[in-house]
Amino acid sequence: MTNTPSFATCDLCDVHKNDDSGAFRVLPPVFRDFGAVHRFSGPVVTVKCFEDNSLVKAAVDSAGDSRVLVVDGGGSLRRALLGGNLGAAAARNGWAGVVIDGCVRDVAELAASNTGIRALAAMPLPTEKRNEGQRDVAVQIQGVWVRPGDWLYADEDGIVVADRALN
């Protein structure tokens, strides 16, 4: 279902290493790989939520159109914002990937999900459902700004974000 993108984050960094305009950003190396797809890219959709995955569920239940969902979970290690059911929904609905500044659960199920999934850690506790949060807003992921419509590239070496498609 997913084609392997033809890019390498190291090559993108080589080309853009002197970019001080803010158009090219590199996320800190704190994300673990949880999905079956290890290399993914696409235009960014954002969700900002804290220990409530209502908007994450709504997003992955919608058409992904090969986009990447970037979730600002505030770096919380107390609740999982994505589990096996939502990982399967993301794959089924055509999301290229999900990057979460927070936790996931159901690690074995996520490993079988045909989509890219990056998060800080695994945490078995689910979230509360309060229908709180924001969608399609600029978010800070580990101190790096990510905006709706940016392009995200993730592979075995890391995650980079650009203000436009790079390949």
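This report walks through the fold, two groups of strands, one helix and one loop residue of a predicted model.

Some ground rules first. The model is predicted, with local features needing pLDDT of at least 70 and side-chain atom pairs counting only at pLDDT 80 or more, while totals for chains, interfaces and linings use all residues. Residues are numbered from 1 along each chain as its sequence is written, and side-chain values use heavy atoms, leaving out hydrogens and water.

**Overall picture**

The protein holds four helices and 14 strands; these are DSSP runs numbered from the N terminus, with helices being H or I of at least four residues and strands being E of at least two. Its radius of gyration is 14 Å, close to the 15 Å that the globule rule gives for 167 residues, so the protein is as compact as a globular protein of that length. That radius is taken over C-alpha atoms, and the rule is 2.2 Å times the number of residues to the power 0.38. The C-alpha trace spans about 45 × 30 × 25 Å along its principal axes.

Of the 167 residues, 48% count as buried, where buried means under 20% relative accessible area, exposed over 50% and partly exposed in between, with a 1.4 Å probe and protein chains only. Contacts (heavy atoms within 4.5 Å) often bridge long stretches of chain: among those between residues at least 6 apart in sequence, 76% join residues at least 24 apart.

**Strands and their partners**

Strands of a sheet pair through backbone hydrogen bonds, either parallel or antiparallel. Here, two strands pair if DSSP finds at least two bridges between them. Three pairings can be set side by side:

| Pair | Sense | Bridges |
|---|---|---|
| β5 and β7 (residues 103-104) | parallel | two bridges |
| β1 (residues 24-26) and β14 | antiparallel | three bridges |
| β13 (residues 151-155) and β14 | antiparallel | five bridges |

The parallel pair belongs to an open sheet of three strands in the order β5-β7-β9. β5 (80-82) and β9 (121-122) stand at the edges, each with a single partner strand, so one side of each is left without a neighbour in the sheet. Within the β5 and β7 pairing, leucine 82 stands opposite valine 104.

Strand β14 (residues 158-162) is mostly covered, with four of its five residues buried. On the β1 side, valine 26 faces valine 160 of β14. On the β13 side, alanine 154 stands opposite isoleucine 159, and a hairpin of two residues links β13 to β14.

**Helix α3 and its surroundings**

In helix α3 (residues 84-92), the buried residues are Gly84, Leu86, Gly87, Ala89, Ala90 and Ala91. What do they pack against? Their partners are α2 (54-60), β5, β6 (97-101), α4 (107-111) and β8 (116-119). Just after α3, glycine 94 takes a positive phi of about 85 degrees.

**Aspartate 106**

Aspartate 106 lies in the loop between β7 and α4. Is this residue buried or partly exposed? At 31% relative accessibility, aspartate 106 counts as partly exposed. Leaving aside neighbours within four places in sequence, aspartate 106 is in contact with Gly83 and Gly84, and Gly84 is also one of the buried residues of α3. The C-alpha atoms of aspartate 106 and alanine 162, 56 residues apart along the chain, are separated by 31 Å.
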